[in-house]
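I opened the notebook to look up a few things in this model. My entries follow in the order in which I looked.

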Amino acid sequence: MTVPTLSTPGAPAWETSPRAERARALLGEAQARLDAARAAAADARYTAALPDVLAAFRAALRAFLAWDGEEMDDDSADLDRLAGRAVRLSSVLKTPVHRALHLARRAPAIAQAGLLSVHDREDVETGWHTARNLLGAVRTVLPAALTATPEPAAAARPRP
């Protein structure tokens, strides 16, 4: 069975709504920031990974809120406010949001540290895992058609 996407004729109107498009764009942004953070952390550039981890948190929460029609107008909305609104709408997000906020509170000290301690590096690594889990939790509460990847075209499929 094919999941309807924007390229599927006859897709329901909600799938092509501005709200759905905004949520998809923010999910893509969250994934891109998560990938960038992973690459930086893999190269032991933890201070470079930190802003991407925090941006992934923000983009994932904004995707959820955009879909629900609760998105804040300002791109620089406070992470605490985004988190509070998201958790009020879905308790599934409570644990990853709580962990995300812990790193967000530690972020200024980590960013200003000249030499990162093992604890600081572990916090950034844990932050990446938390961002990944938060993004996964957001994807589970959104409609599948928003988060599904389109199936490859029939001609591009390998033959048995």
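**Entry 1: one aspartate.** The model is a predicted one. I began with Asp-120 and asked whether this residue is buried or exposed. Its relative accessibility is 10%, and buried means under 20%, so Asp-120 counts as buried. I then looked up where Asp-120 sits, and the place is helix α5. Next I listed what Asp-120 touches, leaving out residues up to four places away in sequence. The list holds Arg-106, Ile-110 and Ala-113.

**Entry 2: the whole chain.** I stepped back to the protein chain, which has 160 residues, 38% of them counted as buried. I found six helices and zero strands. Along the sequence the pattern reads α-α-α-α-α-α. I also looked up the contacts with a separation of 6 or more: 61% of them are between residues 24 or more positions apart.

**Entry 3: α2 against α5.** I returned to helix α5, residues 118-141, and its packing with helix α2, residues 46-68. How are these two helices oriented to each other? The angle between them is about 20°, and their axes lie 9 Å apart. Angles under 35 degrees count as roughly parallel, and α2 and α5 are therefore roughly parallel to each other. I noted the crossing of α2 and α5 as left-handed.

I then went through the residues that make the contact. From α2 they include Tyr-46, Val-53, Phe-57, Leu-61 and Phe-64. From α5 they include Arg-121, Glu-125, Trp-128, Leu-134 and Val-138. Sorted by class, the contact has 16 nonpolar, two polar and two charged residues.

**Entry 4: the nonpolar core.** I looked up the largest nonpolar core, which has 44 residues. Which of its residues touch the most other members? They are Phe-57, Leu-61, Leu-93, Leu-134 and Val-138. Helices α1 (18-42), α2, α3 (79-89), α4 (94-112) and α5 each supply at least two residues of this core. The most comes from α2, which gives 14 residues. I wrote down a general remark beside this: in soluble globular proteins, nonpolar side chains tend to be buried together.

**Entry 5: Leu-134.** I ended with one residue of that core, Leu-134. I set aside its neighbours within four places in sequence and listed the remaining contacts of Leu-134. They are Phe-57, Ala-60, Leu-61, Leu-93, Pro-96 and Val-97. Of these, Phe-57, Ala-60 and Leu-61 also appear in my contact list for α2 with α5.

Notes: Residues are numbered from 1 along each chain as its sequence is written. This is a predicted model: local features need pLDDT of at least 70, side-chain atom pairs count only at pLDDT 80 or more; totals for chains, interfaces and linings use all residues. Side-chain values use heavy atoms; hydrogens and water are left out. Axes are lines fitted to C-alpha atoms, for helices over the stretch in contact, and angles run from 0 to 180 degrees between N-to-C directions. Helices (H or I, at least four residues) and strands (E, at least two) are DSSP runs, numbered from the N terminus. Angles under 35 degrees count as roughly parallel, over 145 as roughly antiparallel, 65 to 115 as roughly perpendicular and the rest as oblique. A crossing is left-handed if the near helix is turned anticlockwise from the far one by less than a right angle, and right-handed if clockwise. Contact means heavy atoms within 4.5 Å. Ala, Val, Leu, Ile, Met, Phe, Trp, Tyr, Cys and Pro count as nonpolar, Asp, Glu, Lys and Arg as charged, and the others, Gly among them, as polar. A nonpolar core is a set of buried Ala, Val, Leu, Ile, Met, Phe, Trp, Tyr and Cys residues joined through side-chain atoms within 4.5 Å. Buried means under 20% relative accessible area, exposed over 50%, partly exposed in between (1.4 Å probe, protein chains only).
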